[in-house]
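Biologist: I am new to reading structures and would like a close look at one part of this one, taken slowly. Could you begin with a single residue and its surroundings, and then work outwards from there?

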Amino acid sequence: MYNKIYGTIRKFLEINSIIAGIIMVAVMFFTAIDVILRYLYRPIEGGTEIVVHFIVLVIFLGFAWCALQNAHIKIDVFKKFPVMDHITYIVLTIMFFFMFYVTVKQVILVKEMAITSQILRIPRWIFVCVPAYGFFLTGIATIMLELNFINRRRKEKRDRQLKTLTDKEDKRE
């Protein structure tokens, strides 16, 4: 059951990261075209605004996948103390769900205030939803990391116990 849920979440986060990659390539081409048009004195109106909004999409769509892959930057100062991994995952999970909650409140506020972007007048709340979505997915990813860590530690403990038992049996013979 756990493996099926984990696989589904993993696939969903992978799809999000692929979408983020596609958006990043589109932003690259968009920026290149904008620079060429700027050279010809005809830049894309609101080009910078569009790029900024889409970079936010790239970051928050790929964030959870990066966490699940352990591809994020981390400092292994406490590697000798496995309990620190538990504490880290628990604190991160709480932090990401708290950030999700705060960001959802921000979405509601921005929508009520009808805030739009300066040039293109795109409703800002749409792009504030993206970090909330990213924080929620990353909270789920940190839960999955904690569960993987617990399962890995249990397996290591079973393997050690099995090795101890087989060693004792070998000594008797």
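Modeller: T138 lies in helix 4, and since this is a predicted model, everything I say about T138 is a statement about that model. T138 has a relative accessible area of 1% and is therefore buried, because buried means a value under 20%. When its neighbours within four places in sequence are left aside, T138 is in contact with F63, A64, A67 and F96. One of these contacts, F96, is itself among the buried residues of helix 3, a list that also includes Y89, T93, T103, V107 and V110. F63 and F96 appear together again in one aromatic cluster, which they form with F60 and F135.

Now move from T138 to F97, which is found in helix 3. F97 and T138 are 41 residues apart in sequence, and their C-alpha atoms are 8.5 Å apart in space. At 25% relative accessibility, F97 counts as partly exposed, whereas T138 is buried. With its neighbours within four places in sequence left aside, F97 is in contact with F136, G139, I140 and I143.

A further link between these two helices is made by a pair of rings, and a search of the whole structure finds eight aromatic pairs. In one of them, the rings of Y89 and F149 have their centres 6.3 Å apart and their planes at 65°, so the pair is edge-to-face. This pair links distant parts of the chain, with Y89 in helix 3 and F149 in helix 4, 60 residues apart. Y89 counts as buried at 12% relative accessibility, and F149 is also buried, with a relative accessible area of 4%.

Farther along helix 4 we come to R153, which has its place in that helix. R153 is partly exposed, with a relative accessible area of 34%. The C-alpha atoms of R153 and P82 are separated by 9.0 Å, although these residues are 71 residues apart along the chain.

The aromatic cluster mentioned above also leads us to the nonpolar cores. The largest nonpolar core has 12 residues in all, including F60, F96 and F135. Helix 1 (2-39), helix 2 (47-68) and helix 4 each supply at least two residues of this core, and its largest share, five residues, comes from helix 2. A second, separate core has 11 residues, and W65, Y89, L137 and L145 are among them. L57, a member of the largest core, shows how such residues meet, for when its neighbours within four places in sequence are left aside, L57 is in contact with I23, F127 and V130.

Since helix 2 gives the largest share of that core, its own form deserves a look. Helix 2 has 22 residues and reaches 33 Å from its first C-alpha to its last, close to the 32 Å expected at 1.5 Å a residue. There is nevertheless a kink of about 35° in helix 2, centred on G62. Just after helix 2, N70 takes a positive phi of about 55°. As background for that angle, most residues other than glycine have a negative phi.

Helix 3 can be followed to its end in a similar way. At 1.5 Å a residue, the 31 residues of helix 3 should span 45 Å, and its end C-alpha atoms are 45 Å apart, which agrees. Helix 3 is followed by A114, whose phi is positive, near 55°. A114 is found in the loop between helix 3 (83-113) and helix 4 (124-172), and at 56% relative accessibility A114 counts as exposed. R121 lies in the loop between helix 3 and helix 4 as well, and R121 has a positive phi of about 60° although it is not a glycine. With 54% relative accessibility, R121 counts as exposed, because that word is used for values over 50%. There is one more feature to point out here, on K111 and W125: the charged end of K111 sits over the ring of W125, 4.3 Å from its centre.

Technical notes. Residues are numbered from 1 along each chain as its sequence is written. This is a predicted model: local features need pLDDT of at least 70, side-chain atom pairs count only at pLDDT 80 or more; totals for chains, interfaces and linings use all residues. Side-chain values use heavy atoms; hydrogens and water are left out. Helices (H or I, at least four residues) and strands (E, at least two) are DSSP runs, numbered from the N terminus. Buried means under 20% relative accessible area, exposed over 50%, partly exposed in between (1.4 Å probe, protein chains only). The expected span of a helix is 1.5 Å times one less than its number of residues. Rings of Phe, Tyr and Trp (its six-membered ring) pair if their centres lie within 6.5 Å; planes under 30 degrees apart count as stacked, over 60 as edge-to-face and the rest as tilted. A charge sits over a ring if NZ of Lys or CZ of Arg is within 6 Å of the ring centre and within 35 degrees of the ring normal. A nonpolar core is a set of buried Ala, Val, Leu, Ile, Met, Phe, Trp, Tyr and Cys residues joined through side-chain atoms within 4.5 Å. Contact means heavy atoms within 4.5 Å. The bend at a residue is the angle between axes fitted to the seven residues ending there and the seven starting there.
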